[in-house]
Amino acid sequence: YTIKNGMRATPVSNPSTRDKFLAMFGCSFVFGWACNDDETLLARLAEYAPGHMPYNFGDCGKATQAMYWKLKTGEVRAVIAQSEGIGVYFCPGFHVRRVNLMMPDSVQWTHTLPEFIAAGDDLLFAGSMGEVHPYRMMLHRLLHKSSTLRYANFHNPLQVTEAYWDRLLLQIAASEKLFKAQFTNSDFVVVLLGGGRFKDLS
C-alpha cells in the first residue's frame, strides 16, 4: 500500500486536468484491503471520471463514525485541493453492526469504536461503544466464552431493530450536512449495498 497524507494513495493519469474531486468514504471495501494501489474500487472509478481527482478516505474495520469524524475535524477539507466534486459513502449492510454494539463484532474490535449521540442538529462524542454500554459488553464477553456460541456465530441482539438503523442513518445525515457545508456546490451520494434491509432514506 502507498499511504500519502494519512490515506490510501490512488494513482491517476493526467492529474493536471482533474479540476474536480471524487472523495470516497467507507471501510476496507473502499480502502482496498489486499489490493494494489491501482486495483482499488476508487482507482477503477477514477478511470471513468477523467475530470475528477480521487481521494480515498476508506478506513478498515470502520463505518460512518470514521467518515463523520474526518469531516468534523476538517481532515477532509484540509486534504482535498479542489473546491467542487462528489462525495460517496459506500455503505454495506453490515455497517449497522459497526455503529451499534452487536455481538460477535463487539468482542473482537467494535467495542473500541466511538459512540456518537444526537446533540441538537449535530452529534456528540460520548466515549467508546464499550465504555458507553458496559453491561451489554459484559454480557457479550460472557456469552463469547462459550465455544458452542462462537462456533455457531451467535449474534446478540438477535435482530437489528429500527433504532439500530436510525443510528446509522443519523450518522450518515450528520456527515452529509458537514460535507455540504464544506463543499457547497458538491453532491453527496450514499451507495447502499444490502438489498431491501435498508430503510427509505428519503
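Me: Hello! Let me start with Arg8 and Asp37: buried or exposed?

Reply: Arg8 is buried, and Asp37 is buried too. That label needs a relative accessible area under 20%. Please keep in mind that this is a predicted model.

Me: What makes Arg8 and Asp37 a salt bridge?

Reply: The closest N and O atoms of Arg8 and Asp37 are 2.9 Å apart. The limit for a side-chain nitrogen of Arg and a carboxyl oxygen of Asp is 4 Å, so the pair counts as a salt bridge.

Me: Why can one say that Arg8 and Asp37 tie parts together?

Reply: Arg8 sits in strand β2 (residues 7–8), while Asp37 belongs to the loop between α1 (28–31) and α2 (41–47). These places are 29 residues apart in sequence, so the pair ties them together. A search of the whole structure gives eight salt bridges.

Me: How do you know that Glu47 and Arg44 form a salt bridge?

Reply: Their closest N and O atoms are 3.5 Å apart, and the cut-off is 4 Å, so the pair qualifies. Glu47 and Arg44 both belong to helix α2, where they are three residues apart, about one turn of the helix.

Me: Why is Glu47 called exposed?

Reply: Glu47 has 52% relative accessibility. Exposed means over 50%, so Glu47 gets that label.

Me: And what does Arg44 count as?

Reply: Arg44 counts as partly exposed, with 42% relative accessibility. That value lies between the limits of 20% and 50%, so the middle label applies.

Me: What about Glu176 and Lys180, how do you know that they form a salt bridge?

Reply: Here the closest N and O atoms are 3.3 Å apart. This is within 4 Å, so the pair passes. Glu176 and Lys180 both lie in helix α10, four residues apart, about one turn of the helix. Glu176, at 27% relative accessibility, is partly exposed, and Lys180, at 38%, is partly exposed as well. Elsewhere, salt bridges with shared partners join Asp59, Lys70 and Glu75 into one network.

Me: Let's move on to rings. How many aromatic pairs does a search of the whole structure find?

Reply: The search finds twelve aromatic pairs. One is Tyr68 with Phe116, whose ring centres are 5.0 Å apart, with planes at 65 degrees.

Me: Why is the pair of Tyr68 and Phe116 called edge-to-face?

Reply: The centres, at 5.0 Å, are within the 6.5 Å limit, so the rings pair. The planes meet at 65 degrees, and over 60 counts as edge-to-face, so that name follows. Tyr68 comes from helix α3 (residues 64–72) and Phe116 from strand β6 (residues 114–119), so the pair ties together parts that are 48 residues apart in sequence. Tyr68 and Phe116 are buried.

Me: What makes the pair of Phe179 and Phe183 tilted?

Reply: Their planes are 40 degrees apart, with 5.1 Å from centre to centre. Stacked needs under 30 degrees and edge-to-face over 60, so 40 degrees falls among the tilted pairs. Ring pairs also link Phe21, Phe179, Phe183 and Phe188 into a cluster.

Me: Why is Phe179 called buried?

Reply: The relative accessible area of Phe179 is 0%. Buried means under 20%, so the label fits. Phe183 is buried for a like reason, because its relative accessible area is 0%.

Me: Now to Ser186. Why is Ser186 called buried?

Reply: Ser186 has a relative accessible area of 5%, and the limit is 20%, so Ser186 counts as buried. Ser186 lies in the loop between α10 (162–182) and β8 (187–193). Among the residues it touches are Phe21, Ser83 and Phe179.

Me: What does the side chain of Ser186 reach?

Reply: It reaches the backbone nitrogen of Gly85 at 2.9 Å. A polar contact needs N or O atoms within 3.5 Å, so the distance meets that cut-off.

Me: One last point: how do you know that Ala34 is exposed?

Reply: Ala34 has a relative accessible area of 66%. Exposed means over 50%, so Ala34 qualifies. Ala34 is in the loop between α1 and α2, and its phi is near 70 degrees, a positive value in a residue other than glycine.

Terms used
Residues numbered from 1 in each chain as written. Predicted model: local features only at pLDDT ≥ 70, side-chain atom pairs only at ≥ 80, totals over all residues. Heavy atoms only, no water. Helix = DSSP H or I, 4+ residues; strand = E, 2+ residues; numbered from the N terminus. Buried < 20%, exposed > 50% of the residue type's maximum accessible area, 1.4 Å probe, protein only. Polar contact = N/O pair within 3.5 Å; in protein donor to acceptor, adjacent residues only side chain to side chain. Contact = heavy atoms within 4.5 Å. Phe/Tyr/Trp six-rings, centres within 6.5 Å; stacked < 30°, edge-to-face > 60°. Lists of a residue's contacts leave out its neighbours within four places in sequence.
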